[in-house]
Protein chains: 2
Amino acid sequence: MTTDDLMSKALASLNEMDGPIPVEAIHRLADLNDLDDPLTIAQAADLLDVSPHTLRYYERAGLIVVDRAPGGHRSYDAAAMRRLVFLTRMRLSGMPMRDLQHYVRLVDEGEATVPERLDMLLEHRDTICRQLRELTLSLAATEYKIATYGGRTGDDADFAEAGS
Amino acid sequence: MTTDDLMSKALASLNEMDGPIPVEAIHRLADLNDLDDPLTIAQAADLLDVSPHTLRYYERAGLIVVDRAPGGHRSYDAAAMRRLVFLTRMRLSGMPMRDLQHYVRLVDEGEATVPERLDMLLEHRDTICRQLRELTLSLAATEYKIATYGGRTGDDADFAEAGS
DNA sequence: ATAGGAGTTCGAGTGCGCTCGAACGCAAGA
DNA sequence: TCTTGCGTTCGAGCGCACTCGAACTCCTAT
């Protein structure tokens, strides 16, 4: 089995991916469209699949400003939810809090910072692509181990045949 | 632009990926084949793209036993390197140290633990696939923002049209 | 009216995976 | 020979992103 074979198998697995995550994610995004009433922190957290603690943490970190209902409870409207979807997606793809704070600062500074924001996004896209490549390699390695019955940590099932 | 379009674009980007990482990785793996002399910790670290500190840390953590040259210096032979390639690839794809320690313990316990090891690998494969799906969504989100000139953190460039 | 549950703030704690510093030892080139 | 630089051990420290606990407040349903 060559490395190319491994990669093909890995990419094939990729195409078989019809798991629950995208569907779920899209449904949650779709919910944002017909969002007329603002949400409580628990509802927002549920939708975004993070904890209320984390939402407060993001707010403390300056990533978002959230309206308050009379009584002081947080109130997440559609705009807040859209920003949070963006934030959580960036976090999920490994953008550090620091960078998100910087990005948000740029947004606050107005249109003049669009080029820098664009740079950040382009750089982050590269980061994601790199991660995708590395993950695909790891998937190939894992598939290979599985194919050889998950043995011996590389004493046997190794990458000896892997050559460009 | 629909979600499907976004996904298509994201997957297209995926196919354009001819970056330095896989090539580099494969070359480094290929080097392992004609590895007759054992390596120093610095050489091993270089090849694996981790720090010597990290290699010592993995050893302390019980993930690998490394030969010593006369004089006490660590000496990484082909088998050690193969195990380390496996370990670093699993780490890179997010397998926790704990799980790797467990896996290695199972390996030490012999062939009887093959089924459990296989279970771990299957589960990890699922984890990788989930990560790939999430990353692909994040890539789509990033591409979309880039396409709309990286503006306003979701106040404008949002996912309002994402349906189905 | 009151009990329960969900919300609030604040600071402190946790878990993970390194990463570093100090004090020391061997080893190979000028 | 000597020096300089990579190697060693050990424990401690760090950075990140949450995560939690305490003490309190507020809405809601009985």
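**Entry 1: a histidine to start with**

Is His102(A) buried, partly exposed or exposed? I looked it up and found that His102(A) is partly exposed, with a relative accessible area of 28%. For my own reference, buried means under 20% relative accessible area, exposed means over 50%, and partly exposed is in between, with a 1.4 Å probe and protein chains only. His102(A) sits in helix α6 of chain A.

Before going on, I note that this is a predicted model, in which local features need pLDDT of at least 70, side-chain atom pairs count only at pLDDT 80 or more, and totals for chains, interfaces and linings use all residues. Residues are numbered from 1 along each chain as its sequence is written, chains are lettered from A and ligands numbered from 1 in the order in which they are written, and side-chain values use heavy atoms, with hydrogens and water left out.

Back to the histidine. Leaving aside residues up to four places away in sequence, I see that His102(A) touches Glu116(A) and Met120(A); a contact means heavy atoms within 4.5 Å. I also checked Leu63(A), which is 39 residues from His102(A) in sequence, with 9.1 Å between their C-alpha atoms.

**Entry 2: chain A as a whole**

I counted seven helices and two strands in chain A. Helices (H or I, at least four residues) and strands (E, at least two) are DSSP runs, numbered from the N terminus. Going along the sequence, I read the pattern α-α-α-α-β-β-α-α-α.

Chain A has 164 residues, and 48% of them count as buried. I took contacts in chain A between residues at least 6 apart in sequence, and 49% of these join residues at least 24 apart. The accessible surface of chain A is about 8200 Å², and carbon and sulfur atoms hold 49% of that. Such areas come from the Shrake-Rupley method with a 1.4 Å probe; for residues, only the protein chains shown count as cover.

**Entry 3: DNA strand C**

Which residues are closest to DNA strand C? I found Arg56(A), Arg74(A), Tyr58(B), Arg91(B) and Arg98(B), out of 20 residues that surround the strand. A residue is near a strand if one of its heavy atoms lies within 4 Å of it. Of the atoms of DNA strand C within 4 Å of the protein, 76% are in sugar or phosphate, and the rest are in bases.

Next I looked at polar contacts, which are pairs of N or O atoms within 3.5 Å; within protein, one must be able to donate a hydrogen and the other to accept it, and residues adjacent in sequence count only if both atoms are side-chain atoms. An N or O atom in the side chain of Arg91(B) is 2.9 Å from a phosphate oxygen of DNA strand C. Met97(B) uses a polar backbone atom, 3.3 Å from a phosphate oxygen of the strand. The elements that give two or more residues to this surface are α3 (41-48) and α4 (52-60) of chain A, with α4 (52-60) and α6 (97-109) of chain B. The largest share, five residues, comes from α4(B).

**Entry 4: DNA strand D**

I turned to DNA strand D, where 20 residues surround the strand and the closest are Tyr58(A), Arg91(A), Arg98(A), Arg56(B) and Arg74(B). Here 78% of the strand's atoms within 4 Å of the protein belong to sugar or phosphate.

Arg56(B) has a polar side-chain atom 3.0 Å from a phosphate oxygen of DNA strand D. For Arg60(B), an N or O atom in the side chain is 3.2 Å from a base nitrogen of the strand. The most residues on this surface, five, come from α4(A).

**Entry 5: helix α3 of chain B and the loop after it**

Which residues of α3(B) are buried? My list for this helix (residues 41-48) is Ile41(B), Ala44(B), Ala45(B) and Leu48(B). Seen down the axis of α3(B), these fall within an arc of 100 degrees, so they line one face of the helix. The arc is that of the directions from the helix axis to the C-beta atoms. The buried residues of α3(B) pack against α4, β2 (74-75) and α5 (78-92) of chain B.

Asp49(B) follows in the loop between α3 and α4 of chain B, and has a positive phi of about 60 degrees although it is not a glycine. Asp49(B) is exposed, with a relative accessible area of 57%. In chain A, I found Asp49(A) in the loop between α3 and α4, with a positive phi near 60 degrees. Asp49(A) is exposed, at 56% relative accessible area.
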